[in-house]
Amino acid sequence: MSKRIMFTGGSGKAGKHVVQYLVDQGHQVLNIDTKPLDNPKVRTLITDITDSGQVFNAFSSYMGLHEFDPSLRAQPVDAVVHFAAIPRIMITPDNEVFRINTMGTYNVIEAAVKLGIKKVIVASSETTYGLVFANEPRNPVHFPLEEDYPVDPMDSYALSKICNEKTAQAFALRSGADIYAIRIGNVIEPHEYELFPKWFADPGFRKRIAWSYIDARDLGQIVDLAIHKDGLGFEIFNAANDETSSDLPTQELIDRFYPGVKVTRPMGEYESLLSNRKAREVLGFREQHSWRKYVGQK
Ligand SMILES: NC(=O)c1ccc[n+]([C@@H]2O[C@H](COP(=O)([O-])OP(=O)(O)OC[C@H]3O[C@@H](n4cnc5c(N)ncnc54)[C@H](O)[C@@H]3O)[C@@H](O)[C@H]2O)c1
């Protein structure tokens, strides 16, 4: 069924593909971003999410001139998808990453809940597991990284994402809305598969992200499934493809780069260490874009 969706951060690397995926499923999307999106099917409302008034106003605005037509008058918003953020450390000073990401997310979730919107999908991050931006390379408590892991990052970006998950949980508890946080792995756009052979030649290069990846279009599928999955309250889902982004078996990656780290369950030969088991079992995710479709095998 077609949904009316407010999407923050749709002009960015991940957002533009997820927005396109949602439009392709027949949804109406308004992009809420400080920068325009070059997509003739989607309007952008230039909005700064760190300003609560702008967010409330944007979520209650027309999606386009067509909604001036009385028969197409604005309907309630079915879902908010929140991707707008500073997407890592070292783009802005650390305190700005924290301020923009936590304040922006608070404003988005609060406005959604107070306007009666029943579904909010929030972009969280694999960095919450604490490996990616650790000062020194660091071992996880165990593999695979699943949603019940005791997250303990030390950088301002991942910390902002943990705060955002707590904000989501608080508003879900308070309102009964469904608010799902997606811990997104390293996003791969279609043109980026050309980088894989270089990564295969230097298998240690992607150690900190535990060789995870999520195809940007498969991320679209996960977001769409989450939009359609009702009644869970607050939940966290990893977003990763089925296998790692390495051509080496998973156990070999652990033995070479994370020796001694405990593996808590049997894993597939090339299975992703950022587990997508919950997304598959609860949301019904089935990857469509394995790297093996796009990268020549040795
Ligand atoms: N790219 C990845 O590999 C990856 C991995 C894990 C999580 N994420 C998360 O996914 C989301 C999207 O990441 P991305 O890679 O597309 O980042 P991006 O920087 O390409 O896109 C972020 C978008 O947010 C917008 N934005 C920033 N501040 C804003 C503000 N104050 N008000 C309104 N819009 C604002 C930017 O203009 C941009 O279009 C982010 O929440 C990021 O933390 C990304």
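**Exercise 1. Pairing around β5.** Find how β5 and β6 pair, then work outward to β4 and β9.

*Solution.* β5 and β6 pair in the parallel sense over seven bridges. Two strands pair if DSSP finds at least two bridges between them. Helices (H or I, at least four residues) and strands (E, at least two) are DSSP runs, numbered from the N terminus. The model is predicted: local features need pLDDT of at least 70, side-chain atom pairs count only at pLDDT 80 or more, and totals for chains, interfaces and linings use all residues. Residues are numbered from 1 along each chain as its sequence is written, and side-chain values use heavy atoms, with hydrogens and water left out.

Step 1. Fix the register of β5 on β6: A123 stands opposite I182 in β6.
Step 2. Move to β4. Three bridges join β4 to β5, and the two run parallel. Here V80 stands opposite V120 in β5.
Step 3. Move to β9. Strand β6 (residues 178-184) pairs with β9 in the parallel sense over six bridges. A181 stands opposite I236 in β9.

**Exercise 2. The whole sheet.** Give the strand order and name the edge strands.

*Solution.*
Step 1. The open sheet has seven strands, in the order β3-β2-β1-β4-β5-β6-β9, with parallel pairing.
Step 2. β3 (43-46) and β9 (234-239) each have a single partner strand, so one side of each lacks a neighbour in the sheet.
Step 3. From one strand to the next, the twist averages 20°.

**Exercise 3. Burial of two strands.** Decide how many residues of β5 and β6 are buried, and on which faces.

*Solution.* Buried means under 20% relative accessible area, exposed over 50%, and partly exposed in between (1.4 Å probe, protein chains only).
Step 1. In a regular strand the side chains alternate between the two faces of the sheet.
Step 2. In β5, seven of seven residues are buried. One side carries K119, I121, A123 and S125; the other carries V120, V122 and S124.
Step 3. In β6, seven of seven residues are likewise buried. D178, Y180, I182 and I184 lie on one side, and I179, A181 and R183 on the other.

**Exercise 4. Helices on the sheet.** Locate α1 and α6 against the strands.

*Solution.* Axes are lines fitted to C-alpha atoms, for helices over the stretch in contact, and angles run from 0 to 180 degrees between N-to-C directions. Contact means heavy atoms within 4.5 Å.
Step 1. Helix α1 (residues 13-24) lies across β1 (4-8) and β2 (28-33). Its direction runs at about 175° to β1.
Step 2. Helix α6 (residues 216-228) touches β1, β4 (79-82), β5 (119-125), β6 and β9. Its direction makes about 145° with that of β5.

**Exercise 5. Two helix pairs.** Classify the packing of α3 with α4 and of α2 with α3.

*Solution.* Angles under 35 degrees count as roughly parallel, over 145 as roughly antiparallel, 65 to 115 as roughly perpendicular and the rest as oblique.
Step 1. Helix α3 (residues 94-114) and helix α4 (residues 156-175) pack at about 15°, with axes 9 Å apart. They are therefore roughly parallel. The contact residues divide into ten nonpolar, eight polar and four charged. (Ala, Val, Leu, Ile, Met, Phe, Trp, Tyr, Cys and Pro count as nonpolar, Asp, Glu, Lys and Arg as charged, and the others, Gly among them, as polar.)
Step 2. Helix α2 (residues 52-59) meets α3 at about 45°, with axes 9 Å apart. That makes α2 oblique to α3. S52, V55, F56 and F59 in α2 meet N107, V108, E110, A111, A112 and K114 in α3. The split is six nonpolar, two polar and two charged.

**Exercise 6. Three residues.** Are V80, N101 and E281 buried or exposed?

*Solution.*
Step 1. V80 lies in strand β4 and is buried, at 0% relative accessible area. V80 and I5 are 75 residues apart in sequence, yet 5.7 Å apart C-alpha to C-alpha. Beyond four places in sequence, V80 contacts M6, F59, V108, A112, I117, K119, V120 and I121.
Step 2. N101 is in helix α3. At 2% relative accessibility, N101 is buried. Not counting residues up to four places away in sequence, N101 touches A85, I86, E96, Y157, S160 and N164.
Step 3. E281 lies in helix α8 (residues 277-283). At 62% relative accessibility, E281 is exposed.
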